[in-house]
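Visitor: Please take a close look with me at one part, the largest pocket, and then tell me about its surroundings.

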Amino acid sequence: MSKNTYFKHEGPWSDANDPLMCSDTGDWRTKRPIVDKDKCIFCGFCQIYCPVQVMEMVGDSHFEADLGFCKGCGICAQECPKQAITMVSEGEFVS
Amino acid sequence: MSEKKKGKLSPVIDYKKHEDPFSKGVAFCPGCGLELLIRFIPQVMGNDIVMTGTPSCSAPVLLGQNNQSWHSLSYFGTLMTGAAANATGLVRYYNRAGIDNTVVCFNGDGTAADIGFGNMSGAAERNEPFIYICYDNEGYMNTGIQKSGTTPYGASTTTTPVAKGSRGKNLRRMNLALKMAMSKIPYAATATLSDLGDLAKKLLKAKEMKKNGFCFLHVFAPCPTGWGYDPAMTVEVCRRAVKTNYFPLWEAENGKIRMTKTVNKPKPVEHYMEPIKKFKHLDDNDRAILQEDVDYELCMLGGLSILEKECVLPEAAD
Ligand code: SF4
Ligand code: SF4
């Protein structure tokens, strides 16, 4: 990682050498993006438009969301030119 | 049509040459335009930029909480009244110390258009060599969705509500980017999140042009929470803003305006307003006022972009 070279400390009370804070934003989700591998043409639109930047390349075949942090906004499904992504209610995955 | 399994990977991915310095789970609302923008900037411009900004939606994440941080960028938190003045101090210090860097003053429209406008205008006049990026969500979202100078005509906010004696904002929005371009700074541009390639080009150009002085980028970044639309529509709202010329994309070098995207057969502004709740109460008359405003601003831009070629100066006296 390219470390900043200007300040040792990011601010008077925030130390960038510590591990970064991270919330389980995946918990917020009410709908989950499910990618249809066959429909996906690997254009990457879902990746560039995902605000959280959690759409990850799986090899060079398709994209999948990191569900630990995906907030379930649905932008990826809206922007996919092939309608390869469906937003499925989280209720479906409760066992 | 032959169904090819693999299309071409979006060229925008090539612009993202650097790592995302933010931690994965940060506290922005789902579908936040600001989050898309703030993660995009260092991926394109590099992680070694120094950011400064003010209390706003961006501050809780950029500043950090207690003694920890959400990202590994250098960030200097300051006040809305003096954002550009602080950036001036930073950039002058680096110049004196002989450190070559990029200072990015990153603020919302509340700071840029209203509270911190004076010192931004001053920094533009003095031509301070840093980049000012205004993310425009058309109001003070972080403090509870109050109207700002860039809130458009008719929009409902908590200070311009739809209630007895009030039908949304009864004033027109200001065109901040045009104001800054008219300061004849080396580079001013508008951009939005539906056209990320265009945004990346403008970010890189600003990084290059800042050696000549002040650069200003006005980025339209919608807010699902404050405007009342489905979070999935953030990018689509940006796209519609461009397609209806509600938010035209252009750039200006030393005040010379050039459209970076011309829209053939623009849709009426209703098309942009349709998914957004803050415009729901507007009637045909109000929509016509907004349309007139949009047309007027586009004419102004169009006129300014041909100014030099067409303008005939009066003959000089002997
Ligand atoms: S936008 Fe759709 S088609 Fe393109 S990579 Fe993502 S899932 Fe695949
Ligand atoms: S639902 Fe939203 S946060 Fe989740 S992967 Fe899609 S765009 Fe990203």
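Guide: Of the 95 residues in chain A, 48% count as buried, and in chain B, which has 318 residues, the share is 57%; here buried means under 20% relative accessible area, exposed means over 50%, and partly exposed is in between, with a 1.4 Å probe and protein chains only. This is a predicted model, in which local features need pLDDT of at least 70 and side-chain atom pairs count only at pLDDT 80 or more, while totals for chains, interfaces and linings use all residues. Residues are numbered from 1 along each chain as its sequence is written, chains are lettered from A and ligands numbered from 1 in the order in which they are written, and side-chain values use heavy atoms, with hydrogens and water left out.

Let us begin with the two chains. Chain A has two helices and four strands, and from the N terminus on its elements follow the order β-α-β-β-α-β; helices (H or I, at least four residues) and strands (E, at least two) are DSSP runs, numbered from the N terminus. Chain B has twelve helices and ten strands, and its C-alpha atoms fill a box of roughly 70 × 60 × 55 Å along the principal axes. If contact means heavy atoms within 4.5 Å, then among contacts with a separation of 6 or more, residues 24 or more positions apart account for 59% in chain A and for 70% in chain B.

Now to the pocket that you asked about. The search runs on a 1 Å grid over the protein atoms alone, where a pocket is an open set of points with protein on both sides within 12 Å along at least five of seven lines, a cavity is a set where a 1.4 Å probe fits but cannot get out, and lining residues have an atom within 4 Å of a point. Grid points are joined across faces, edges and corners, and a volume is the space filled by probe spheres set on the points. The largest pocket has a volume of about 240 Å³, and of the 18 residues that line this pocket, Cys29(B), Cys32(B), Cys57(B), Met141(B) and Cys223(B) lie nearest its centre. Both α2 (33-45) and α9 (224-227) of chain B supply at least two residues of the lining, and α9(B), with three residues, gives the largest share. By class, the lining has 13 nonpolar, five polar and no charged residues, where Ala, Val, Leu, Ile, Met, Phe, Trp, Tyr, Cys and Pro count as nonpolar, Asp, Glu, Lys and Arg as charged, and the others, Gly among them, as polar.

Cys29(B) deserves a look of its own. Cys29(B) is in the loop between α1 and α2 of chain B and is partly exposed, because its relative accessible area is 37%. Not counting residues up to four places away in sequence, Cys29(B) touches Trp28(A) and Lys71(A) in chain A as well as Glu35(B) and Thr225(B). Cys29(B) and Cys105(B) are 76 residues apart in sequence and 22 Å apart in space, C-alpha to C-alpha.

Ser10(B) also touches chain A. Ser10(B) lies in the segment before α1 (12-15) of chain B, counts as buried because its relative accessible area is 4%, and, leaving aside neighbours within four places in sequence, is in contact with Cys43(A), Phe45(A) and Ile48(A). Cys43(A) and Phe45(A) are also among the residues that surround ligand 1, where a residue is near a molecule or strand if one of its heavy atoms lies within 4 Å of it. The shell around ligand 1 has eleven nonpolar, one polar and no charged residues. Around ligand 2 there are 14 residues, the closest being Cys50(A), Cys70(A), Cys73(A), Gly74(A) and Cys76(A), and this shell has eleven nonpolar, two polar and one charged residues.

Besides the pocket, the whole structure has three cavities of 30 Å³ or more, and the largest cavity has a volume of about 130 Å³. Its lining is made of 15 residues, and Arg173(B), Asn175(B), His218(B), Phe247(B) and Glu297(B) are the closest to its centre. Both β8 (215-220) and α12 (284-310) of chain B supply at least two residues of the cavity lining, which by class has seven nonpolar, four polar and four charged residues.
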